Amino acid sequence: MRTVELLLDEAAEQAVREAWRRLADEGLPSQARHRSPTNSPHLTLAACPELTAPIRWELAEVAAALPLPVRCTGVVRFERPTSVLAWALDLDPPLAGLHRRVWEAVASDSPPETLNPFHEPGRWAPHITLGRTRRAGAFAGRRVSALLPAPPLSIRLTTLRSYDTRSGALEVLQPRP
């Protein structure tokens, strides 16, 4: 699979890494435990089996729209098949529009059954993951919010990239020249 993600500005990235560190220091699930050099704070927009030429063409237009300012709205927890602790982002019209363009790009040239339904517009909840585990309820009943630094009020989404889950390769998706 190939993800389509947005990277954060430097100040927001440092705030997320500080949150990761604090969770890890308390023995809680944290993205800090992922030692891969590809592990960066990011916002996942979609995933698809491959980035075909038609998908890349559309994503180049999305990349040209960056940077995009967004507002962080606080801590959120998800219980999908995994427990996730994250900072939620406001799904304002510019972010919703950018996400829709990415979804339409990947959906236009991917088998529908290969797309994650949680990434579909109307279901997608923009967030930056702080900790994730397969242990159900790992963050429930804990005062994790008190452990975390205050989330940045404003974040700039700066770079569009893709991660290849098979090879582990990262690719920055550039605007067309």
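Start your tour at the hairpin that joins β3 to β4 through three residues. Helices (H or I, at least four residues) and strands (E, at least two) are DSSP runs, numbered from the N terminus. This is a predicted model, in which local features need pLDDT of at least 70, side-chain atom pairs count only at pLDDT 80 or more, and totals for chains, interfaces and linings use all residues. Residues are numbered from 1 along each chain as its sequence is written, and side-chain values use heavy atoms, with hydrogens and water left out.

**Colour by confidence**

Before going further, colour the chain by pLDDT, the predictor's confidence in each residue, from 0 to 100. The protein chain averages 93, and 98% of the residues score at least 70. Which elements have the lowest and the highest mean pLDDT? Helix α4 (residues 144-147) is the lowest with 83, while helix α3 (residues 93-108) is the highest with 98. Where pLDDT is low, the predicted coordinates should not be read in detail.

**From β3 to β5**

Now select β3 (68-79) together with strand β4 (residues 83-89). These two, β3 and β4, run antiparallel and are joined by seven bridges. Two strands count as paired if DSSP finds at least two bridges between them. Pick V76 and look across to β4, where its bridge partner is A86.

Stay on A86 and turn to the next strand: A86 also has a bridge partner in β5, namely T129. Six bridges join β4 to β5, and this pair is antiparallel. Why can strand β5 be called largely enclosed by the rest of the structure? Six of the seven residues of β5 (residues 127-133) are buried, so the rest of the structure largely encloses it. Here buried means under 20% relative accessible area, exposed means over 50%, and partly exposed is in between (1.4 Å probe, protein chains only).

**Across to β6**

Go back to β3 and add strand β6 (residues 154-163) to your selection. β3 and β6 pair in the antiparallel sense over four bridges. At one point of this pairing, R71 stands opposite S154 in β6; at another, L68 has L157 as its bridge partner.

Now add strand β1 (residues 2-8), which pairs with β6 in the antiparallel sense over four bridges. Which residue of β6 is the bridge partner of L8? It is L157, the residue that also partners L68.

Centre the view on L157 and show what surrounds it. Leaving aside neighbours within four places in sequence, L157 is in contact (heavy atoms within 4.5 Å) with L6, L7, L8, L43, L66, P67, L68, V70 and L95. L157 is also one of the residues that touch the most other members in the largest nonpolar core, along with L45, L59, I155 and L160. That core has 44 residues; a nonpolar core is a set of buried Ala, Val, Leu, Ile, Met, Phe, Trp, Tyr and Cys residues joined through side-chain atoms within 4.5 Å.

Two of the contacts of L157 deserve a stop: L66 and P67. A cis peptide bond joins L66 and P67, with omega about 5°. You will find P67 in the loop between α2 (53-64) and β3.

**The β6 and β7 hairpin**

Follow β6 onward to strand β7 (residues 170-172), which runs antiparallel to β6 and is joined to it by three bridges. The hairpin has six residues between the strands, and in it G168 takes a positive phi near 80°. Select V172 in β7, the bridge partner of R161. Not counting residues up to four places away in sequence, V172 touches T159, L160 and R161. Is V172 buried or partly exposed? At 43% relative accessibility, V172 counts as partly exposed.

**Last stops**

Select E13 in helix α1 (residues 10-25). E13 is partly exposed, with a relative accessible area of 21%, and beyond residues up to four places away in sequence it touches L8 and P41. The C-alpha atoms of E13 and I155 are separated by 9.0 Å, although these residues are 142 residues apart along the chain.

Finish at W57, where R176 lies over the face of the ring, 3.5 Å from its centre. A charge sits over a ring if NZ of Lys or CZ of Arg is within 6 Å of the ring centre and within 35 degrees of the ring normal.
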